[in-house]
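The following note is offered to a colleague who has the sequence and the coordinates to hand. Its numbered points may be read in order or taken singly.

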Amino acid sequence: MADDISERHIDALLEDMTLAEKIGQLTMARGGGGTGGPELMDAQLDDVRAGRIGSILDMWGVDGVRRAQAVAVNESRLGIPLLVTLDVLHGYETIFPIPLAEAAAFDPELWERTAQAAAEEAAASDVALTFAPMLDVARDPRWGRIAESPGEDPWLGARFAEAKVRGFQRGLADASTLAATAKHLGAYGAVMAGREYNSVDISARSLHEVHLPPFAAAVRAGVAAIMPSFNDLAGVPMTANAFVLRDLVRERWGFGGVMISDFGAMAELLVHGVAADLAEAAALCLKAGVDIDMVSDTYPKGLPVALERGLVSQTLVDEAVRRVLTLKARLGLLKGKSRGSPQVSSERRLEHRALALDAARRSLVLLRNEGDVLPLSGEARRLAVIGPLAAARQEMLGPWYAAGKAEETSDVFSALQHALPEWTLVHEPGSAISGAEPDGLDAAMEAARQADMVLLCLGEGSGMSGEAASRARPGLPDCQRKLAEAVFALKKPTVAVLCAGRPLTVPWLFEKANAVLAAWFPGNAAGAAIVEVLTGAWNPSGKLPVSWPVDVGQIPVFFGRRPTGRPADPKDACTSKYIDMQVAPLFPFGHGLSYTRFAYRGMRLSSENLNAGDSLTVEVDVANEGKRDGEETAFLFFRDPLASVARPLLELRGAARIALAAGQQGTLRFHVKSEDFGFPDEQGNPCLEAGEIEILAGPSAERGALLSARIHIEA
Ligand code: BGC
């Protein structure tokens, strides 16, 4: 909401504006004349002067932004500043781990702090809105954008959404904040076969139950903007999906903010085959409630024609313009000047650096550690550091690294040299990241032969995950596989660090490596954080926010599946399973090892009977039975065994962390409400049915390791 003064100002502006100026406020241009860059081109500056552009994306460097802003403020008739936008997903200058990695920390406070730090740095470069958080529930590692998401679970996505919106926006209280954009609505993570930009055709139930909850949480947290996704949903492209965008999100959820189309998506309605020309496309989008056209020329070219043809009303145009101006007012952009950008002090930047290290170490997941080969210990030894990602600073930043710099990033090999000065360390890449054959095999094998132990740094290049990076075979490229297999044949103790934007399907590697660390793309502090874990300076605490498949053929594999009428039974052929592969993932959601051992000793419930509106506290006793201090994340699940529709085998309702010294026992508390055990009907309305509910708590979604108790819901 804008305040009274702004409301009057907006009323006055709307009175005064020409149609072209109104459409200008609904038009987003891209820096550098369309390719992104540090300046607007002369023709674009003319458009700003004429009020034909209201917002810009992909301009980097504060000088060009200020020049453009000065033209908008001083040379356009109405003097309305531009809304400057950018994809600030996991940091601006200081780069934090990619979202999938950060999700592995299961730490909303951390998620909020990294968003706040990113906002401060981006706002100091005059950015006012970020296209984040990305909230697509992602259960298919073929889809490259899983890297940008908080993983497979809607409850987790909702907590991530709230934390990120709070962190970026902080109520938009001052100019060091960013307006956040919840994207991409909706169900983009369910693109068929994991193929980028593909169609989505899912049930209303999974839309409401799985894909929408993170967006609903973002709206409740006051997110400023929403971006519809590229995909169609059962034939209706999301950019024109009036049912979801207008009826559900605007009307029922009460979202009054700005909707911004994805890049060029409005004009793509013609390619989807639902609009004959830009006028029809413009009418569909405006009626669906989309306010800003990101670089597709659909509103500037199509909207005047749509109005002439009577396809849309002037009222809808005015409503959209009002929402854009209201956001500008909330951002302090309607005061006849640009927003002003408080600088980030050098002290604060150092704090961001420290935060990047903490976020990175907390996002690393130790998947396997046979014979406690990690942490590296004992007297100094010879370690061969092999693989194309051992000294690959740029790759550590992952996709969407904004103004992040490779030279401000630590790599594994240099960090090892720093941490283990007594050791003999040799680095040989052995192979490029992609390709058929390893081009440095001989040198790598020689180094490995001379060593007592091998560290393999393998994985994806940063461009192999993220947008437009679907992979039909999300494993390791052939050259890296050949390199790794040659090293394994030496039968030396071998540790693998996997840097990637997704869980990689590499069952052969897990069979041979003594230890495997999922490092994702950790950001600026990559090397430092990975080496802290390898040396035991940090006891790993990250847990998988996504099930890790054995093989691509199992995808999608996730813990929230339904029982089926014939649950998998190894003794019965005619049950739901494969004849050539296990049903379970290689590692379940929540898996993650520590150098100590945690035992779950008992669980207590505050009540066994709940009425609608009642709360429940679940206490779980956890003991650190090992020899090192450590942190454990415990999960609270439930199972509704009998309902009017088959319910998932496990549903997540809590994640809580506890730090325990060696030998110490502590208690984790989860607070839930009776409503948390309900489910949406096909219209998205909440239902709570009476009956028994099984409450389960423990270290991961591995059912056998969970403590269990029952409650009764009296709905
Ligand atoms: C992506 C969005 C992004 C936009 C602007 C699109 O291609 O799908 O996630 O925000 O570009 O860069």
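**Notes on the predicted model**

1. P375 is placed in the loop that runs between β11 (365-369) and β12 (382-386). The model is a predicted one. The peptide bond joining L374 to P375 is cis, with an omega of about -5 degrees. A cis peptide bond is also found from A132 to P133, where omega is near 10 degrees. P133 belongs to the loop between β4 (129-130) and α7 (154-169). Both prolines thus deserve a look when the backbone is inspected.

2. Two residues other than glycine call for attention on account of phi. D297 is not a glycine, yet its phi is positive, at about 65 degrees. D297 sits in the loop between β10 (293-294) and α13 (298-308). Its relative accessible area is 36%, and D297 is therefore partly exposed, since that class lies between the 20% limit for buried and the 50% limit for exposed. A468, likewise a residue other than glycine, has a positive phi near 55 degrees. A468 is located in the loop between β14 and α19 (478-488). With a relative accessibility of 55%, A468 counts as exposed, because the threshold for that class is over 50%.

3. As to the overall form, the protein has 715 residues and a radius of gyration of 26 Å; this agrees with the value near 27 Å that a compact globule of 715 residues would have. The C-alpha trace spans about 75 × 60 × 45 Å along its principal axes. Secondary structure amounts to 21 helices and 26 strands. Of the 715 residues, 61% count as buried. Among contacts with a separation of 6 or more, 76% are made by residues 24 or more positions apart. The exposed surface of the protein is about 26,000 Å², and carbon and sulfur atoms supply 50% of it.

4. The surroundings of the ligand should be examined next. The ligand has 13 residues around it, of which D87, R145, H184, D262 and E467 come nearest. By class, the shell divides into 7 nonpolar, 1 polar and 5 charged residues. A polar side-chain atom of D87 lies 2.5 Å from an oxygen atom of the ligand. For D262, the distance from a polar side-chain atom to an oxygen atom of the ligand is 2.6 Å, and for R145 the corresponding distance is 2.7 Å. Taken alone, the ligand exposes 310 Å², and the protein buries 95% of that area.

5. Is helix α21 mostly covered or mostly uncovered? It is mostly covered, with 8 of its 10 residues buried. The buried residues of α21 are A526, G527, A529, I530, V531, E532, V533 and L534. E532, a charged residue, is thus one of those buried in this helix. The packing partners of the buried residues include three helices, α15 (346-363), α16 (393-396) and α17 (412-419). The strands β14 (453-459), β15 (494-499) and β16 (515-518) also pack against them. Just after α21, G536 adopts a positive phi of about 85 degrees.

6. Further along the chain, N539 is found in the loop between α21 (526-535) and β17 (598-605). Is N539 buried or exposed? The relative accessible area of N539 is 10%, so this residue is buried, the limit being under 20%. The side chains of N539 and S594 are joined by a polar contact of 3.2 Å. Leaving aside neighbours within four places in sequence, N539 is in contact with S594, Y595 and T596, and also with R628, D629 and G630. S594 therefore appears both as a polar partner and among the contacts, because a contact requires heavy atoms within 4.5 Å.

7. A final point concerns L307, which is found in helix α13. Which residues does L307 touch, not counting those up to four places away in sequence? They are L19, V312, S313, Q314 and V317. The C-alpha atoms of L307 and A283 are separated by 8.3 Å, the two residues being 24 apart along the chain.

Note on methods:
Residues numbered from 1 in each chain as written. Predicted model: local features only at pLDDT ≥ 70, side-chain atom pairs only at ≥ 80, totals over all residues. Heavy atoms only, no water. Near = heavy atom within 4 Å. Polar contact = N/O pair within 3.5 Å; in protein donor to acceptor, adjacent residues only side chain to side chain. Areas by Shrake-Rupley, 256 points an atom, 1.4 Å probe, with all protein chains shown as cover. Helix = DSSP H or I, 4+ residues; strand = E, 2+ residues; numbered from the N terminus. Buried < 20%, exposed > 50% of the residue type's maximum accessible area, 1.4 Å probe, protein only. Rg over C-alpha atoms; globule rule 2.2 N^0.38 Å.
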